[in-house]
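Reader: I would like to learn how to read a helix pair, a sheet and a single side chain from coordinates. Could we take them in turn?

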Amino acid sequence: MYTLKSSHPILPKLSIPGLAIVACLLSSPATSLSADADPYGGFKMGIQSYSLRGFDVDEALKHSEKLGLKYWEAYPKHIPISTVPAHIKEQKAKLANSGVTLAAYGVVGFDANETKAREVFDFAKAMGLKSISANPKKDTATFDLLEKLVEEYQIPIAIHNHGPGALYDKVDDILEMVDGRSPLLGACVDTGHYLRSNEDPVEVIQKLGKRVFGVHFKDVRTIRSEEEKAKLMAVLPKNRANHLEKEGKIFTILGEGELNIVGVLRALREIGYTNPISLEYEENPQNPLSDIELCLAAVREGVAYLDSNDEGFTQIWDGKTFDGWKINESPDTWKIVDGAIVCQGPRSHLFYVGDGTPFKNFELKVDVMAEPNSNGGIYFHTEFQESGWPEKGFETQVNNTYKKDPRKTGGLYAVDDVTEQLIPDNTWWTQHIIVKGKRVIIKIDGKVATDYTEPENSTGQPDQPKRRIDKGTFALQGHDPHSTVHFKNLRVKKLAD
């Protein structure tokens, strides 16, 4: 999960949404796309209509149309369940007139009552739903019934997680109920509630795989300042204040919390997800539109980052050999496997000695994957040395779950550290290092993890006098025999001095 060092406190409606929207939309890559381009990169972006619960169904559909959202997951107060033909015809007409497709519905409770369950499935079939978001009773009779019905109707059940204390809190609560059953029994992944439950939504999606039938895109921010917590407790609604008191977290605008938007989108692509993604913004129900605009801009920005063609960047590794690179000690630590550089073995560093060196101001992007309990790093402004830890330059840390070092991925090692885990193991991410003048920014999947400015006239660190902004090359770190880290797609862009 993300710890944003540069994040600002967001009190409920104490900001100026209009100004924020202008700034966000002007800076969003989506705003520069041509009219026929898809700003959501092939994802079917929609909304859980609960986000618009302050409006009646006609107003909510109009707002969805203005927001450019063509897919709905409806909640029952907007479209009640009924199989009466006139009701079905009326709802379909409303949706069609707004250019909205009803793809999902929920969240619906189920037990072993087949008559009630069939009414829901008959409604779903009549409306052409792709899935039903559900909160079924956790017993064999209920799941036997649901298994029979999903096979009969060919409409998946997407079990919705609701966070700490709920029937379905952790992903394993879902997996244990669907294991060995029909592949049409799966999950609606609510990213915000998984963050509340201290589970990484990227890892959740990977575990569920093809059993993901729905996604509720929502963000959460951990409140670490007691002063900010006190201010929030005074203005939050009672239920939100209770969450904050118990969990230390609040829901927030998408992109301003701890959700790895790029990572979630990447994981959905990897499993071949084709159903709509439903933005669900639960705050400020009477006036949510400006915040929803910001949420959607964050999704577009995440898509743009994921699909970036890296214009102006040059590949510094050919994907096949170590040409242009030089290993110091323990050369057997390094191998090339399936188009990636893999380090696993005694301490060793792989230095870039190819074209373009030295680098002073630059952007470097490296795709990285760490296996469990592994440590590694990416150095910049360094120089080749025959052995030992590089004395010159800085290390950007790679460590998700390595137990012997609290410094985590995304930090500037021993200078400006990150101590919260940002990325799950066995997951590719992009580590993006930007150096301009005295400033160093480290992004993990497009989100700032570290923003450090070196003091003027720095003489380095007390025990590392060469650890200062200068110029030099790059190096990858092989840390120890028990750590395995993968690197690929190494590309760099020089910036003007």
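**Reading the features in turn**

Author: In this predicted model, the axes of helix 9 (residues 226-235) and helix 10 (residues 238-247) come within 8 Å of each other and cross at roughly 155°.

Reader: How does one turn the angle into a relative direction for helix 9 and helix 10, parallel or antiparallel?

Author: Angles over 145 degrees count as roughly antiparallel, and therefore helix 9 and helix 10 are described as roughly antiparallel to each other. Their crossing is left-handed, and the contact is made by Lys 229, Leu 232 and Met 233 on the helix 9 side, with Ala 241, Leu 244 and Glu 245 on the helix 10 side.

Reader: For the sheet of five strands, what is the order?

Author: The order is 12-15-22-17-18 in an open sheet with antiparallel pairing, where strand 12 (325-327) and strand 18 (394-399) are the edge strands, each pairing on one side only. From one strand to the next, the twist averages 20°. Strand 17 (residues 375-382) runs antiparallel to strand 22 and is joined to it by five bridges, and Tyr 379 stands opposite Ala 475 of strand 22.

Reader: Turning to one side chain, is Glu 454 buried or exposed?

Author: Buried means under 20% relative accessible area, and Glu 454, with a value of 3%, is therefore buried. Glu 454 sits in the loop between strand 21 (447-453) and strand 22 (473-478).

Reader: Which residues does Glu 454 touch, not counting residues up to four places away in sequence?

Author: With that exclusion, Glu 454 touches Phe 394, Lys 438, Arg 467, Arg 468 and Ile 469. A polar atom of the Glu 454 side chain lies 2.9 Å from the backbone nitrogen of Ile 469.

How values were computed:
Residues numbered from 1 in each chain as written. Predicted model: local features only at pLDDT ≥ 70, side-chain atom pairs only at ≥ 80, totals over all residues. Heavy atoms only, no water. Helix = DSSP H or I, 4+ residues; strand = E, 2+ residues; numbered from the N terminus. Buried < 20%, exposed > 50% of the residue type's maximum accessible area, 1.4 Å probe, protein only. Polar contact = N/O pair within 3.5 Å; in protein donor to acceptor, adjacent residues only side chain to side chain. Contact = heavy atoms within 4.5 Å. Pairing = 2+ DSSP bridges. Axes fitted to C-alpha atoms, helices over the stretch in contact; angles between N-to-C directions. Parallel < 35°, antiparallel > 145°, perpendicular 65-115°, else oblique. Left-handed = near helix turned anticlockwise from the far one by under 90°.
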